[in-house]
Amino acid sequence: MNLLINYEEATSMILFAIGFTMLVFSKNILKKIMGLNIMDTGIYLFLASMGYIENKLTPIVPSTGNVNASDYINPIPTGLVLTGIVVSVSVSALMLALTIKLYKKFHTLNLDEIYEKCNKEEDDE
Amino acid sequence: MEFIQNFPFITIVLSLICSIVAFGFKGKNARFITYFLLISSAIMSISVIVYNSTVGDGYFVYRMGHYDAPIGNEISAGFLEPFFALLFEIIIFLSITGGSRKIFEDIKESKHKFFYIMVNLAHAALIALSYTNDIFTAYVFIEICTIASCSLLMLRSSGKSLVAATRYMIFSLIGSAFTLIGIILLYSITGHLLFPQLYSTLQTLWETGSYTMPLTISLGLLICGLAIKSGLFPFHLWMPDTYGTATPAASGILSGVISKGYIFLLFKIIYRVISVEIFLDSGIHYLIFVLGILGMIFGSVSAINAKNINFMIAFSSAAQIGYIYMGLGLGTTAALVAALFQITSHALTKPLLFLSASGLSQTVSGKQGFSAIASTGHNNKIAGLTFGAGALSMIGIPVFVGFVPKLLFGMSAFDHGIRTYLVLIALAISTILNVVYFLRTTINIFASPKSNIKRKNITFKQAKVFSVVVILMTAINVGVGLHSQPLISFFEKGIEIFSTMR
């Protein structure tokens with residue numbers, strides 16, 4: 001029952017688990033990056049749902065009118081999510097750059113094959 | 001507010017500005033920007049240490065934009081924060097100076113500047129991790145540190161270094177995810193991100209017994225994330241490839257400095273957010289203690305089986321990091337002082353070993369296998385001798401800095417019941433294993449030449465900068481080893497100030 005009430009948290013944990021599994025167990029490096037993004041999205045959903053209060057306003061104070069803080073949702077988690085997204089995008093960009101370099105070098109995206117080819121190169125040396 | 005109180009903030013901003021400015025320069029000139037940054041930051045760190053030890057309460061809190069907590073973001077500086085910032089700056093300076101020739105050999109000319117840009121960025125992240133008072137800011141800079149260190153590794157562009165970068169990145173990202181989820185759980189329970197507010201709320205919650213299990217899980221995730229990133233056993237598998245395939249300057253920075261940045265942050269979190277009492281009460285310290293001891297032994301066992309000298313030094317890092325976690329796991333002030341000393345000792349010794357090993361392998365055209373580097377101590381005497389000094393320090397021979405933390409760990413382990421025996425036995429086994437692989441390698445590099453491999457002689461005149469740097473690093477190693485007491489007292493005072501900063 002609690003899971004149904006806290007459906008946002010439950011969804012975010014399911015997303016985290018899916019992403020984590022992909023990041024750790026997938027052999028394809030692109031799928032790993034997708035897993036990373038799904039995992040991060042799960043965390044951000046969890047964070048955003050923490051700050052959300054039902055029937056409250058968006059935390060943008062109008063120039064005139066209501067300025068009572070209790071009428072708004074908590075803006076800090078939203079800010080944190082934005083920061084987190086920036087971090088996540090940077091890390092994904094770096095991982096994609098790394099993937100391009102790996103593909104150019106080894107002509108495959110399968111990490112097992114990449115390790116194999118790399119070890120072979122080392123043995124040849 | 002005194003002007004000096006702006007220095008930590010200026011250091012971070014200056015590092016970020018230098019990272020951007022360096023884009024406009026070519027490789028060799030970008031190097032001078034990094035030197036300027038490191039020297040000016042070191043002067044500022046020294047100023048902060050002197051200021052805190054002579055004026056005021058021994059620490060200060062800098063409010064970003066002058067907004068009060070909990071809205072504003074904060075930086076705090078006591079004794080330990082500027083000390084570790086200074087240590088990181090010295091090690092980075094020595095590593096990039098000693099390894100400069102190899103940087104230009106290993107990395108394509110068009111990418112030289114990126115190396116220095118990433119060093120500046122890593123410096124910004126490390127300084128921010130040392131000074132920050134906000135746990136989410138710490139997370140952001142952890143990620144910046146990850147990006148900078150992975151880029152340092154990628155720049156070599158060889159197949160091996162790319163594969164190592166991938167492995168490092170995957171481990172790092174798993175660590176970051178755990179850290180982030182730990183931080184968010186902590187925030188959702190306490191409603192705070194700044195250290196002092198987190199501390200007081202955690203104390204209240206723990207005393208009343210509310211949220212004990214979620215708190216333990218969040219702290220466990222936070223510690224686990226940082227442990228993965230710093231290479232605690234069994235998460236040390238990324239270490240050999242990472243440290244073993246990067247250019248020696250990058251290996252020195254990654255092993256000597258970056259992993260220590262994460263550990264110092266963890267130390268700050270344990271002391272200033274969780275508090276040692278809750279940390280010991282939660283039982284997480286038992287896990288850290290056991291993994292630390294296993295790391296000490298299995299890191300050394302892996303080092304014995306390593307296939308080349310760089311991999312051996314890298315695996316030895318896993319063992320040395322095990323010592324630090326063992327100290328954290330004991331949790332007493334004496335053990336934490338020993339852990340801080342171990343951070344310093346390892347940061348001073350490991351870059352020396354990587355640089356010396358690169359000096360030795362240069363005599364055999366960059367080969368790193370044990371048979372290839374045999375007898376190379378005769379061809380590059382300075383690298384051979386400094387490697388020997390570093391090896392003796394790692395083993396824990398008196399006079400060298402590596403002896404002091406081992407002694408401190410041994411002394412701090414008493415009165416811990418079964419853990420006393422575990423620490424003493426682990427110290428003994430680890431030292432014997434260290435002797436096996438470090439002494440074996442040192443004897444190997446000074447053995448009489450047998451093989452027919454063609455070797456190049458490298459004299460002091462041919463590698464002046466490298467030689468001066470490794471000699472200087474050895475001198476610092478011996479100097480700190482001989483005069484350890486002032487540093488021990490400094491750490492004790494620093495920990496005392498940590499308690500008053502809450």
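Modeller: Contact here means heavy atoms within 4.5 Å. Please keep in mind that this is a predicted model.

Biologist: How many residues does the contact take from chain A and from chain B?

Modeller: Chain A gives 36 residues to the contact, and chain B gives 32 residues.

Biologist: What area do chain A and chain B bury between them?

Modeller: The two chains bury about 3100 Å² between them, and 82% of that lies on carbon and sulfur atoms. On the side of chain A, Leu94(A), Leu98(A) and Lys101(A) lose the most area to chain B, together 18% of what that side buries.

Biologist: Which helices of chain A supply at least two residues each to that side?

Modeller: Helix 2 (7-25), helix 3 (29-51), helix 4 (75-106) and helix 5 (111-124) of chain A each do so. The largest share, 15 residues, comes from helix 4 of chain A.

Biologist: How do the residues of that side divide into nonpolar, polar and charged?

Modeller: The side of chain A that touches chain B has 27 nonpolar, 4 polar and 5 charged residues.

Biologist: And how many salt bridges does the rule find across the interface of chain A and chain B?

Modeller: The rule finds 0 salt bridges there. As for polar contact, the count between chain A and chain B is 1 residue pair, with both residues at pLDDT 80 or more.

Biologist: Then how many salt bridges are there over all chains?

Modeller: The count over all chains comes to 4 salt bridges. One of them joins the side chains of Lys102(B) and Asp106(B), at 3.8 Å from N to O.

Biologist: How are Lys102(B) and Asp106(B) placed in helix 4 of chain B?

Modeller: They are 4 residues apart in helix 4 (residues 100-106) of chain B, so about one helical turn separates them. Lys102(B) counts as buried at 12% relative accessibility, and Asp106(B) is buried as well, with a relative accessible area of 14%.

Biologist: With which arginine does Asp106(B) form a salt bridge?

Modeller: Asp106(B) forms a salt bridge with Arg156(B), where the closest N and O atoms are 3.4 Å apart. This pair links distant parts of the chain, 50 residues apart: Asp106(B) is in helix 4 of chain B, while Arg156(B) is in the loop between helix 6 (135-154) and helix 7 (159-190) of chain B. Arg156(B) counts as partly exposed, at 24% relative accessibility. Lys102(B), Asp106(B) and Arg156(B) are thus linked in a network of salt bridges.

Biologist: What about Arg167(B) and Asp241(B): how many Å, N to O, is their salt bridge?

Modeller: Their side chains meet at 2.6 Å, N to O. Arg167(B) lies in helix 7 of chain B and Asp241(B) in helix 10 (residues 239-245) of chain B, so the salt bridge ties together parts that are 74 residues apart in sequence.

Biologist: Is Asp241(B) buried or exposed?

Modeller: Asp241(B) is buried, with a relative accessible area of 15%, whereas Arg167(B) is partly exposed at 24%.

Biologist: Changing topic, what does His112(B) touch?

Modeller: Not counting residues up to four places away in sequence, His112(B) touches Gly27(B), Ile103(B), Phe104(B) and Ile107(B). His112(B) is found in helix 5 (residues 112-131) of chain B and is buried, with a relative accessible area of 5%.

Biologist: Finally, the strands: in which sense do strand 1 and strand 2 of chain B pair?

Modeller: They pair in the antiparallel sense over 4 bridges, and the bridge partner of Arg63(B) in strand 2 of chain B is Glu74(B).

Biologist: Which residues of strand 1 of chain B form the covered face?

Modeller: Phe60(B) and Tyr62(B) form the covered face of strand 1 (residues 60-63), and Val61(B) and Arg63(B) the uncovered one. In a regular strand the side chains alternate between the two faces of the sheet.

Notes. Residues numbered from 1 in each chain as written. Chains lettered and ligands numbered in written order. Predicted model: local features only at pLDDT ≥ 70, side-chain atom pairs only at ≥ 80, totals over all residues. Heavy atoms only, no water. Buried < 20%, exposed > 50% of the residue type's maximum accessible area, 1.4 Å probe, protein only. Pairing = 2+ DSSP bridges. Buried area = accessible area lost by both parts, 1.4 Å probe. Polar contact = N/O pair within 3.5 Å; in protein donor to acceptor, adjacent residues only side chain to side chain. Nonpolar A, V, L, I, M, F, W, Y, C, P; charged D, E, K, R; others polar.
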